[in-house]
Each structure stands twice: as structure tokens, then as C-alpha cells.
Amino acid sequence: MWTKKEIFAIGGLREIGFKPKSDLLMVLSSQGRGIFDCEKAEKIDRDYFDYYMEEWDSENGKVEGFGVLDSETIICGGFEFQDPLSKKTFDDWTIEIREENRSNWKGEIQKSEVLFLVNGKEKIEIETFHYGIDRAYGFSDTGNSFVYGTPSDLHIWTKSKNDINKPIAQI
């Protein structure tokens, strides 16, 4: 089962991407780069260099790592570059987005995109997007983390400890 672990305020969040076969997430924003350990729901490294404006290539999504990801290249996307995150886990959790009528912040009913995690008969409602999903969302290669970004936030979900010790998907 999935648990919402943390929401991080990130002004100007633009692109996100996981290090392959890990739960380490690179985040590009208008304020620099951040690295998050999604299993621990912790920000573990940060720089303030405006990588997005200076060096990021929206043609290939490649981001050079720093800190714990030094000498790594991560594919990040969601705003300009295509969303690179996996939409399915090795144990058959998938993402479902349904258009539904939902009440917005004013109490008015409007068509909205509702994001669910689904596995067989299990269905977990994650979020309602009144104006559509406009950033990346998906699973780590390990299948143990689920994230989605908005222009101002990073949301991290993880599997419960009972489910984490299953084998990593073959890529």
C-alpha cells in the first residue's frame, strides 16, 4: 500500500527525473537543482546554480549530477521535455487519470483530472488537478517511490515497508 510521505515547496519546479534503478530524484527549478531520497522523503543535496537557464538542454532532458549524483547524467522532464517517469511498477501498480466533476477551491463544480494509483481492485486517489496535470508524475525504477510535481510543489509517496522488499524490476 502507498503512503503520502512529504510535500516539499519548490518555487518554479520545472523538470524531475529519477537516477536509474534508484529512488534518488533530481529536481530542476528556477531556484537551482535539488536531490531527494524519496524512500526517506528527504532533500539530501541542493545547489543554487540556475542550471535550467544556463545548461539544461530541452532537446534531450539530460542533467549533469552533483553531490551524491556527481558524474551521473539524469533525464529530467515534465515541463519542456517529455515526462521521463515510469507509469507502471514491476508489481503492476499503474497510474490512472480520470476526468471527473469535482468541487474547486471556490466550491464550484468543474471538470478536473483525478490521478489514481491502481493495482487490481486496489485504487488510491492521489490528487485532483482542476486545471490539468502540467508537470511530471510517475514511479521510480525500483517501484518503491511515486512522485508528482506541480509548478510549486514536489509530492512524494512510498510503498509501505511490507511491500518494499520485493525484487527490483529488470530494465
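Me: If contact means heavy atoms within 4.5 Å, with which residues is Asn-60 in contact, leaving aside its neighbours within four places in sequence?
Reply: In this predicted model, Asn-60 lies in the loop between α1 (51-54) and β6 (62-64). Once its neighbours within four places in sequence are left aside, the residues in contact with Asn-60 are Ile-75 and Phe-81.

Me: Is Asn-60 buried, partly exposed or exposed?
Reply: Buried means under 20% relative accessible area and exposed means over 50%, with partly exposed in between. The relative accessible area of Asn-60 is 29%, so this residue of the loop counts as partly exposed.

Me: What distance separates the C-alpha atoms of Asn-60 and Ile-133?
Reply: Along the chain these two residues, Asn-60 and Ile-133, are 73 residues apart. In space, the separation of their C-alpha atoms is 21 Å.

Me: How does the radius of gyration of the chain stand against the globule rule, and what is its value?
Reply: The chain under consideration has two helices and 13 strands. For 171 residues the globule rule gives 16 Å, and the chain comes close to that, so it is as compact as a globular protein of that length, with a radius of gyration of 16 Å.

Me: Which residue is the bridge partner of Glu-100 in β9?
Reply: Strand β8 (residues 94-103) and strand β9 (residues 109-119) run antiparallel and are joined by 10 bridges. Glu-100 falls within the residue range of β8, and its bridge partner in β9 is Ser-112.

Me: Which residue in the turn of the hairpin formed by β8 and β9 has a positive phi?
Reply: The hairpin of β8 and β9 has five residues between its strands. In that turn, a positive phi of about 85° belongs to Gly-107.

Me: What is the phi of Ala-41, and where is this residue found?
Reply: Most residues other than glycine have a negative phi. Ala-41 is not a glycine, yet its phi is positive, at about 55°. With a relative accessible area of 10%, which is under the 20% cut-off, Ala-41 is buried. Its place is the loop between β4 (32-37) and β5 (42-47).

Me: Is Asp-92 buried, partly exposed or exposed?
Reply: Asp-92 lies in the loop between β7 (73-75) and β8, and its phi, near 70°, is a positive value in a residue other than glycine. Its relative accessibility is 43%, which lies between the cut-offs of 20% and 50%, so Asp-92 counts as partly exposed.

Technical notes:
Residues numbered from 1 in each chain as written. Predicted model: local features only at pLDDT ≥ 70, side-chain atom pairs only at ≥ 80, totals over all residues. Heavy atoms only, no water. Helix = DSSP H or I, 4+ residues; strand = E, 2+ residues; numbered from the N terminus. Rg over C-alpha atoms; globule rule 2.2 N^0.38 Å. Pairing = 2+ DSSP bridges. Buried < 20%, exposed > 50% of the residue type's maximum accessible area, 1.4 Å probe, protein only. Contact = heavy atoms within 4.5 Å.
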